[in-house]
Amino acid sequence: TVYVWNTSSLYNETSQEFAPGTTSTQKGFIVNLVEGVYYWFYKLFDWSGNSYNTASDNKTLTIDTTTPLIQFGTGTLNNGVNNTLTYIYVNVSYTENNFANITFVLYNRTGLVNRTTFSTATRTINWTGLPEEIYTYNVSIADLTNSYNMSETRRITLDRTAPSLELYSPTHFTYINATTMYANLSVLTYDLISMQNVSLFVFYSNGSLYEFYNDTNNHISITTVGKTVIFTTSGTYNWSAIATDFSGNQNTTVNWSIVVDGTSPVINYGAGVYADGANISASYINVNVTLTETNLANVTFNLYNSTGLVNTTTYSSASNVSWTGLANGTYQYNASAADVLNQVTSTSTRTVTLDTGLPSATLATPSNATYSSTSAQNLTANLSDNIGIKNATVYVWNTSSLYNETSQEFAPGTTST
């Protein structure tokens with residue numbers, strides 16, 4: 001007879017008779033057991049009425065048909081978290097009456113980092129001193145029946161380094177002319193672990209935002225991130241960038257400037273400049289100009305005579321020039337202004353004549369102390385000038401007063417007559 005007891009009472013009793021003469025055998029009884037702990041033994045009788053039982057050698061049998069339950073507990077980071085830690089802490093809760101062991105496993109992108117198995121009821125582990133990487137981990141539990149269960153696998157990113165970021169093009173203080181009016185802004189950036197976004201900002205000179213661009217690609221190698229910005233008005237613009245990874249690390253660039261110059265310089269002659277065509281008794285020419293240009297590069301003054309260029313003078317900021325010690329003659333001059341984009345505007349060209357020599361006049365006829373019976377007299381003189389005679393006047397006096405004054409204008413370029 002086999003006796004099966006659970007923890008509270010007799011659960012099963014099964015007997016079998018044997019044929020006379022059976023001196024030894026191995027006998028088994030099929031007993032349907034539910035989950036629980038059981039104790040069992042045999043009791044035997046021979047044909048003479050002698051008996052023996054194995055009660056002193058009770059066998060314990062545990063029936064466990066339930067798979068262990070396991071899940072992550074408090075303090076364990078959620079799946080997909082990015083952070084700046086140097087460790088990964090795992091806490092689990094489980095339900096299992098017949099615990100055998102629990103195994104914590106950690107992987108990175110190249111393979112197994114650590115596998116730790118505990119045969120005692122351990123619920124936590126803390127992997128420390130971890131380098132920046134993308135990790136996955138899970139926990140499995142086994143009971144004494146070798147029934148097995150495993151938690152979900154979670155992915156954690158440890159990233160303590162800000163993304164690499166630098167402005168690339170256009171360079172600091174780039175000037176853009178009226179023809180272009182746009183710029184291709186680009187930065188170089190990457191993050192070996194987890195780039196979240198790269199943001200480009202363009203500001204007016206007063207600090208208000210002009211344009212914004214956000215790139216959300218995960219750049220894990222050196223990449224150029226760019227944006228074409230069209231400018232509608234002239235002025236100075238500042239641009240910069242911010243790169244952010246999924247762990248919240250940020251890198252911010254300095255500001256670079258773009259100067260948009262949509263207008264050419266405005267240049268005009270100033271006060272006191274000789275008028276075009278002037279004839280001046282002087283040995284110098286003074287020229288001054290008025291300028292309107294924010295991004296002036298230079299001002300150039302040119303002086304010519306009949307044979308070619310006499311002088312060219314360029315200033316970075318001056319707005320006047322004085323040419324001195326000039327010989328008599330006819331000169332032309334002009335001025336031009338250029339901005340940093342080489343947009344050039346010129347004045348008109350003016351012509352002036354310098355003449356410091358005196359005209360010459362020699363009385364010709366009638367000769368001195370002439371007597372004549374004719375009242376109409378042709379008073380003649382020989383006239384000359386190196387540059388040109390403008391006019392001549394003859395004065396006739398009698399013994400008491402001015403009797404006659406007669407003038408004549410001459411064509412330009414008349415040097416003798």
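Val187 touches Leu165, Glu166, Leu167, Tyr168, Val198, Leu200, Thr223, Thr224, Val225, Trp239 and Ala241, leaving out residues up to four places away in sequence (contact means heavy atoms within 4.5 Å). The model is predicted: local features need pLDDT of at least 70, side-chain atom pairs count only at pLDDT 80 or more, and totals for chains, interfaces and linings use all residues. Residues are numbered from 1 along each chain as its sequence is written, and side-chain values use heavy atoms, without hydrogens and water.

**Nonpolar cores**

- The largest nonpolar core has 22 residues, and Val187 is one of those that touch the most other members, along with Leu185, Val198, Val202, Phe231, Trp239 and Ile258.
- A nonpolar core is a set of buried (under 20% relative accessible area, 1.4 Å probe, protein chains only) Ala, Val, Leu, Ile, Met, Phe, Trp, Tyr and Cys residues joined through side-chain atoms within 4.5 Å.
- A second, separate core of 21 residues includes Tyr274, Ala278, Tyr333 and Leu354.

**N terminus**

- Thr1 and Ser15 are joined through their side chains by a polar contact of 2.5 Å (a pair of N or O atoms within 3.5 Å, one able to donate a hydrogen and the other to accept it; residues adjacent in sequence count only if both atoms are side-chain atoms).
- Beyond neighbours within four places in sequence, Thr1 is in contact with Glu13, Thr14, Ser15, Phe41, Tyr42 and Lys43.

**Pocket lining by class**

- Nonpolar here covers Ala, Val, Leu, Ile, Met, Phe, Trp, Tyr, Cys and Pro; charged covers Asp, Glu, Lys and Arg; polar covers the others, Gly among them.
- In the largest pocket (an open set of points on a 1 Å grid over the protein atoms alone where a 1.4 Å probe fits, with protein on both sides within 12 Å along at least five of seven lines; lining residues have an atom within 4 Å of a point), the lining has 19 nonpolar, 23 polar and three charged residues.
- The second largest pocket has seven nonpolar, eight polar and four charged lining residues.

Definitions and conventions. Buried < 20%, exposed > 50% of the residue type's maximum accessible area, 1.4 Å probe, protein only.
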